[in-house]
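Please look over the sequence and the model together before reading on. The paragraphs below are meant to be read with both in view.

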2 protein chains.
Amino acid sequence: MFSRRLLNDQDVRTVSQEERVHRSNGDRLAKILSDRQLAQFGDSLLNFAYSLALTETSGRPKGTKVQDKILAEAAVKAGLRKHLPRRVGRGDVANSLEALLGHAWLEKSLSLDEIVSCLKASSLNPAENFTQLAELALSRIQR
Amino acid sequence: MFSRRLLNDQDVRTVSQEERVHRSNGDRLAKILSDRQLAQFGDSLLNFAYSLALTETSGRPKGTKVQDKILAEAAVKAGLRKHLPRRVGRGDVANSLEALLGHAWLEKSLSLDEIVSCLKASSLNPAENFTQLAELALSRIQR
């Protein structure tokens, strides 16, 4: 009975530690995704990478801005939405993807070449490449 | 008399070939500097490189757009103005520097690291770093 109880206590402690680590990871990701300065940096990175992908695909120089609509759609598909506060606008959802990519690039988890080649993939829906990119960043960043 | 005349003819031909090469180089540069698509690509490159330079200097992520005023001032200082049509606005002068940098980067005459380290130099006048960058690009591009 004693040993069984002890075991239960250990189980509970283990679960609760895992839960704490899980929550702390979630908090860290939530903090990254809501960082406005990181989103502004990520914006300049993604506009350049997307311009480069279009330039390399078309063989003609292109300079463009990625639409918030596309980024927000990709952020939702990649599961970033649940880490954001409930009541946020489309701009904030788009920013979360920019912040994630800015963070991944700055910590060298993703290279410019990797980002560009992800964005060069031919997809029917342009948000699809950004979804794949966000999923790649999520799998790579240190948590 | 005959040989002297022949020599003169050769001299004239040589000078005129050099002049033609010189003019053709000038035409090529003028074409690059007035290429709007190249300027749009260069805009995304310079905004990213400048954001990165500010991020690395401050130790905090920054995302920013370089002001046309700064780019136009640097373009004039680097001697790009004389290759542009006489009556152009400040936006077009700024574009010429963006086009030059976009071209230099696409033909791999300048790396992102080189651009960023040029923009990280501490200058009293922010246009000074862009002037140096334009001069570096001019010395590197294939003409």
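What follows goes from the relation between the chains to their interface, and then to individual residues.

This is a predicted model, and a natural starting point is how its two chains are placed relative to each other. Chain A is superposed on chain B by a rotation of 180 degrees with 0.0 Å of shift along the axis, and the RMSD of that superposition is 0.0 Å. The two copies are thus related as by a two-fold rotation axis. The interface agrees with this arrangement: 100% of the interface residues of chain A are also interface residues in chain B, so the copies meet through the same surface.

How many residues of each chain are in contact with the other? On the side of chain A there are 19, and they touch 19 residues of chain B. The size of an interface is often given as the accessible area lost when the parts come together. Between chain A and chain B the buried area is about 1,600 Å², with carbon and sulfur atoms giving 67% of that area. Within chain A, the residues that lose the most area to chain B are A:Gln37, A:Phe48 and A:Pro61, which together account for 34% of what that side buries.

The polar part of the interface can be counted as well, with three residue pairs in polar contact between chain A and chain B, both residues of each pair being at pLDDT 80 or more. On the side of chain A that touches chain B, α2 (36-58) and α4 (90-106) each supply at least two residues, and the largest share, eleven residues, comes from α2(A). By residue type, that side of chain A divides into nine nonpolar, seven polar and three charged residues.

Side chains of opposite charge can pair when their charged atoms come close. Over all chains the count comes to twelve salt bridges, while the count between chain A and chain B is two. In one of the salt bridges, A:Asp35 pairs with B:Arg60, with the closest N and O atoms 3.8 Å apart. Here A:Asp35 lies in the loop between α1 (2-33) and α2 of chain A, and B:Arg60 in the loop between α2 and α3 (68-77) of chain B, so the pair joins two chains. The side chains of A:Arg60 and B:Asp35 also meet in a salt bridge, at 3.7 Å from N to O. A:Arg60 lies in the loop between α2 and α3 of chain A and B:Asp35 in the loop between α1 and α2 of chain B, so this pair too joins two chains. A:Arg60 counts as partly exposed, at 38% relative accessibility, and B:Arg60 is likewise partly exposed, with a relative accessible area of 38%.

Two residues of helix α2 in chain B show contacts with both chains. B:Asn47, in helix α2 (residues 36-58) of chain B, counts as buried because its relative accessibility is 8%. Its side chain reaches the backbone nitrogen of B:Val66 at 2.9 Å, and, neighbours within four places in sequence aside, B:Asn47 is in contact with A:Ser44, B:Thr64, B:Lys65 and B:Val66. B:Leu52 also lies in helix α2 of chain B and is buried, with a relative accessible area of 3%. Apart from neighbours within four places in sequence, B:Leu52 is in contact with A:Phe41, A:Trp105 and A:Leu106 from chain A, and with B:Leu112 and B:Val116 from chain B.

Note on methods. Residues numbered from 1 in each chain as written. Chains lettered and ligands numbered in written order. Predicted model: local features only at pLDDT ≥ 70, side-chain atom pairs only at ≥ 80, totals over all residues. Heavy atoms only, no water. Least-squares fit on C-alpha atoms with pLDDT ≥ 70 in both. Contact = heavy atoms within 4.5 Å. Buried area = accessible area lost by both parts, 1.4 Å probe. Salt bridge = Lys/Arg side-chain N within 4 Å of Asp/Glu carboxyl O. Polar contact = N/O pair within 3.5 Å; in protein donor to acceptor, adjacent residues only side chain to side chain. Helix = DSSP H or I, 4+ residues; strand = E, 2+ residues; numbered from the N terminus. Nonpolar A, V, L, I, M, F, W, Y, C, P; charged D, E, K, R; others polar. Buried < 20%, exposed > 50% of the residue type's maximum accessible area, 1.4 Å probe, protein only.
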